[in-house]
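User: I would like a close look at a single part of this model. Please keep the explanation plain.
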Amino acid sequence: MNIPKLAAEQKKHLGIIGCQISHSLSPIMHNTVIQTLNLPMVYGVMDVTEEMLPSLISSMRSLHFRGANVTIPYKQIIMKYLDEISEEAEKIGAVNTIVNNNGRLIGHNTDVWGVYLSLQPYANEIKNNHVIIFGAGGATKATVFAVAKFFSPRYISIVNRTAGKAHQIINHFSPQYRLTKFSHLETELDIQREIEVAALVINTTSVGMKPNIHAMPISPNIVLQKNQLVFDIVYNPVETSFLKLAKSVEARTIGGVEMLLGQGARAFELWTHQEFPMSAARAVLTQELTNPNGE
Ligand code: NAP
C-alpha cells in the first residue's frame with residue numbers, strides 16, 4: 001500500500017512521530033481501517049529529530065490535526081510539550097498517543113490496552129500468581145502497569161541486562177501496587193526457580209526482533225514449563241525464536257501482534273470515537289508481516 005503524504009489533502013491528519021521509523025506498520029494499519037470506514041482522514045509518517053519536536057508539536061495544535069502515535073525514542077520526552085497527560089500515561093511515565101482536542105494536546109498510553117487485550121483471556125490464571133518479565137525499557141513500563149493493575153499477580157519479577165533500569169521500574173511501580181511483590185532477578189538459578197513457578201513469562205526486550213531473529217531473551221540453560229503462558233511483545237517476526245522455544249516445550253504462546261492491534265484500536269477510538277475494524281487491521285498486518293515486500 002502507498003502511504004499518503006501528509007498535507008496532501010483537505011483531510012484530518014494523523015501520523016506517527018519517531019526516529020528511523022520507515023518500517024513502522026502503524027501507517028498501513030491505520031490507513032487500512034480509515035479506508036474501510038471511509039473516513040476523511042489520512043495517517044502519515046513524521047520521522048523527526050529531537051530538535052524538530054517543539055515546532056512539530058505546535059503545528060499539531062492546528063484543526064487539521066486530529067492526533068498522532070509516538071514511538072521510539074520520544075515516548076517520554078514528548079510529555080513535556082503536551083497540555084495534559086492522562087492518568088494512565090502519567091502513572092506509566094510514557095505517552096504513545098496524542099489527541100488534539102481543539103488545540104489542546106492530550107497524551108495517552110494505549111500500549112497498556114494492547115497488553116490488557118492480549119492477556120485478558122488468561123486473567124484468572126495470572127491473578128495471585130507469579131509473573132516474570134524480561135526487559136526494563138519503555139514498553140516494559142506499560143506492560144508492568146497493565147499486568148499489576150488489571151491482573152493483580154502476587155509477584156512480578158524483572159530480569160534486565162542493565163540492573164539499574166530494572167530497579168527504576170520496581171521503585172516506580174511498587175509503591176503504586178502494594179499487593180504485588182516486585183523483585184529483580186539476576187542469577188540463572190534465581191531466574192530458573194522463578195520460571196518454574198510462574199504462570200506467565202513475558203518478553204518486553206527487543207531481543208529476537210528482525211533482523212536478529214535467532215536471538216533470545218533467555219539463556220539457553222533456562223527451561224520454560226509445559227502449559228506456562230509465554231507472551232512475546234515483539235511482533236516482527238510474528239513467531240519469535242522465544243515463542244518457538246516455548247512451543248517446543250508445550251507452553252502456550254501469545255504473540256506481539258495482539259498488542260499491536262490492541263494499542264492501535266484504542267488510539268483509533270480516541271481519535272475517531274468509532275469502533276476499530278479489527279478484522280481488517282488484523283488481515284493487513286498478517287499480510288505485511290508474512291509477506292512484507294508484497295512478493
Ligand atoms: P527500549 O525502550 O529500547 O527497551 C529495550 C529493552 O530491550 C531494554 O530492556 C534493553 O535492555 C533490552 N535489550 C535490547 N537489546 C538487548 C540485548 N542485546 N540483550 C539483552 N537485552 C537487550 O524498547 P521498547 O520501546 O521497550 O521496545 C521493546 C520491544 O517491544 C521492541 O521490539 C518493540 O518493537 C516491541 N514493542 C511492541 C509493541 C507491540 O504493540 N507489540 C509495542 C511497543 C514495543 P537494557 O535496559 O539493558 O538496554
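Which backbone atom lies 2.9 Å from an oxygen atom of the ligand? Please describe the surroundings of the ligand as well.

Analyst: This is a predicted model, in which local features need pLDDT of at least 70 and side-chain atom pairs count only at pLDDT 80 or more, while totals for chains, interfaces and linings use all residues. Residues are numbered from 1 along each chain as its sequence is written, and side-chain values use heavy atoms, with hydrogens and water left out.

The atom you ask about is a backbone N or O atom of Gly138. It forms a polar contact, meaning a pair of N or O atoms within 3.5 Å. A polar side-chain atom of Arg161 also lies 2.9 Å from an oxygen atom of the ligand. At Gly256, a polar backbone atom is 3.0 Å from a nitrogen atom of the ligand. Taken alone, the ligand exposes 930 Å², and the protein buries 76% of that (Shrake-Rupley method, 1.4 Å probe).

Two elements give two or more residues to the shell around the ligand: α6 and α10 (257–272). Helices here are DSSP runs of H or I with at least four residues, and strands are E runs of at least two. The most comes from α10, with 3 residues. There are 22 residues around the ligand, each with a heavy atom within 4 Å of it. Those that come nearest are Ala139, Asn160, Thr162, Lys165 and Met209.

Helix α6 (residues 138–151) also links two strands, as the chain crosses from β7 through α6 to β8.

Technical notes: A crossover is right-handed if, with the strands pointing away from the viewer, the path from the first strand over the helix to the second runs clockwise. A polar contact is a pair of N or O atoms within 3.5 Å; within protein, one must be able to donate a hydrogen and the other to accept it, and residues adjacent in sequence count only if both atoms are side-chain atoms.
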